[in-house]
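Student: I'd like to learn how to read a structure like this one. Could you walk me through a few features?

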Amino acid sequence: MFVPLYEAVYERLAVGPGTRLLGLGCGAGLALLTAAARGASVTGVESRAGALPALARERLRPGAWGALPPGDIRIVEGSPRDASPPPGRPAYTLLTVFEPIGYGTWATRAPTEQLSAAVPLAADGAAVVLSGWGPPERCGAAAVLRIATGAADPPRGPGGWRPPRGDELEETARRCGLRPAGAGRVACPFGYADPDSAIRGMLSTGFLDAAIGATDEEQVRKELAEALHPYRRADGTVWVPNTFRYLIARVPRSRVPEDGPAYAEGAPAERDALGVHAVRTGRLRSDRAGVSP
């Protein structure tokens, strides 16, 4: 359901051969798979052991992507410090955090620690992508999860959910020494074949673990069914509209002036090797001539 987000970011940054991507919180590896299909070299870091990194390894098993040299697809369990480029390999040109802030393992703390550990592994000027929930009025899942997690006290825990703040992505980037350079919004609807599938899907995210621990699973299922009712269609399917926001930041270059460039949400596609407009002065800019999806 997050594939539209991955594709919008990769298209905007012209991800392909020559891209060396480090994905933080890579989960089951779908974002890495999408980048590898474009010809990128990918490394994923997942701190949660178990089924998620196992599925990522299966999806990205050696030989599955013959166009990439051996060693250009890796899944690392642990911290970003364990994902240093192999000897002889250049630094990463793109860092991604596609697990939205306010979601899952990022819900109880900003990803400053992991992101700060990953930034030294990236090349000067490399792009760093953070993602988060869009405006609450455009996120049906946010309303569902707010109702469903109301039983938890506190209302979130590890693997939980919390509402986003409008400037949270920018704050996180700046705390890690990064320069915001562009942003956009992408529609990522959650679609399910029927209400039971929707409930199973919501429970599988881990969003609701805190609520289940505070009450019981049956109670949470009842609250979910009620919260999802407005999104049922006449044919029995469940369609929950959502909008997610992403921020493109940059690892600073020593030659970039301290005042830095302004950035515009909805700036047009960035098309050089690092996915950035560079001008002769060494400054970076974001045109306002276009609007991204």
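Student: Let me begin just past helix 2. Which residue follows helix 2, and what is the sign of its phi?

Tutor: The model is predicted, so keep that in mind as we go. Gly39 comes after helix 2, and its phi is positive, near 100 degrees. Look at the end of helix 1 as well: Ala14 follows there, also with a positive phi, near 55 degrees.

Student: Which residues of helix 2 are buried?

Tutor: Burial is judged by relative accessible area, with under 20% counting as buried. In helix 2 that applies to Ala31, Leu32, Thr34, Ala35 and Ala36. Their cover includes helix 1 along with strands 1, 2, 3 and 4.

Student: And which residues of helix 1 are buried?

Tutor: Leu5, Tyr6, Ala8, Val9, Tyr10 and Arg12 are. Among the elements covering them are helix 2, strand 1, strand 4 and strand 9.

Student: How should I describe the way helix 1 and helix 2 cross?

Tutor: Start with the axes, which come within 10 Å and cross at roughly 40 degrees. That angle makes helix 1 oblique to helix 2. The crossing is right-handed.

Student: Which residues meet there?

Tutor: From helix 1, Val3, Tyr6, Glu7 and Tyr10; from helix 2, Leu30, Ala31, Leu32, Thr34 and Ala35. Sorted by class, this contact has 7 nonpolar, 1 polar and 1 charged residues.

Student: Now the strands. Is strand 5 largely enclosed or largely open?

Tutor: It is largely enclosed by the rest of the structure, because 10 of its 12 residues are buried.

Student: In which sense does strand 5 pair with strand 4, and in which sense with strand 9?

Tutor: For each pair, check the direction and count the bridges. Strand 4 and strand 5 are parallel, with 6 bridges; one bridge partner to find is Ala122 in strand 5, matched with Tyr92. Strand 5 and strand 9 run antiparallel and are joined by 7 bridges. There, Ser131 has Tyr246 in strand 9 as its bridge partner.

Student: What general rule helps me read side chains along a strand?

Tutor: In a regular strand, side chains alternate between the two faces of the sheet.

Student: One last residue: where is Gly184 found, and is it buried or exposed?

Tutor: Gly184 is in strand 6. Its relative accessible area is 1%, so Gly184 is buried. Try a distance there too: the C-alpha atoms of Gly184 and Ser131 are separated by 9.6 Å, while the two residues are 53 residues apart along the chain.

Methods:
Residues are numbered from 1 along each chain as its sequence is written. This is a predicted model: local features need pLDDT of at least 70, side-chain atom pairs count only at pLDDT 80 or more; totals for chains, interfaces and linings use all residues. Side-chain values use heavy atoms; hydrogens and water are left out. Buried means under 20% relative accessible area, exposed over 50%, partly exposed in between (1.4 Å probe, protein chains only). Helices (H or I, at least four residues) and strands (E, at least two) are DSSP runs, numbered from the N terminus. Contact means heavy atoms within 4.5 Å. Axes are lines fitted to C-alpha atoms, for helices over the stretch in contact, and angles run from 0 to 180 degrees between N-to-C directions. Angles under 35 degrees count as roughly parallel, over 145 as roughly antiparallel, 65 to 115 as roughly perpendicular and the rest as oblique. A crossing is left-handed if the near helix is turned anticlockwise from the far one by less than a right angle, and right-handed if clockwise. Ala, Val, Leu, Ile, Met, Phe, Trp, Tyr, Cys and Pro count as nonpolar, Asp, Glu, Lys and Arg as charged, and the others, Gly among them, as polar. Two strands pair if DSSP finds at least two bridges between them.
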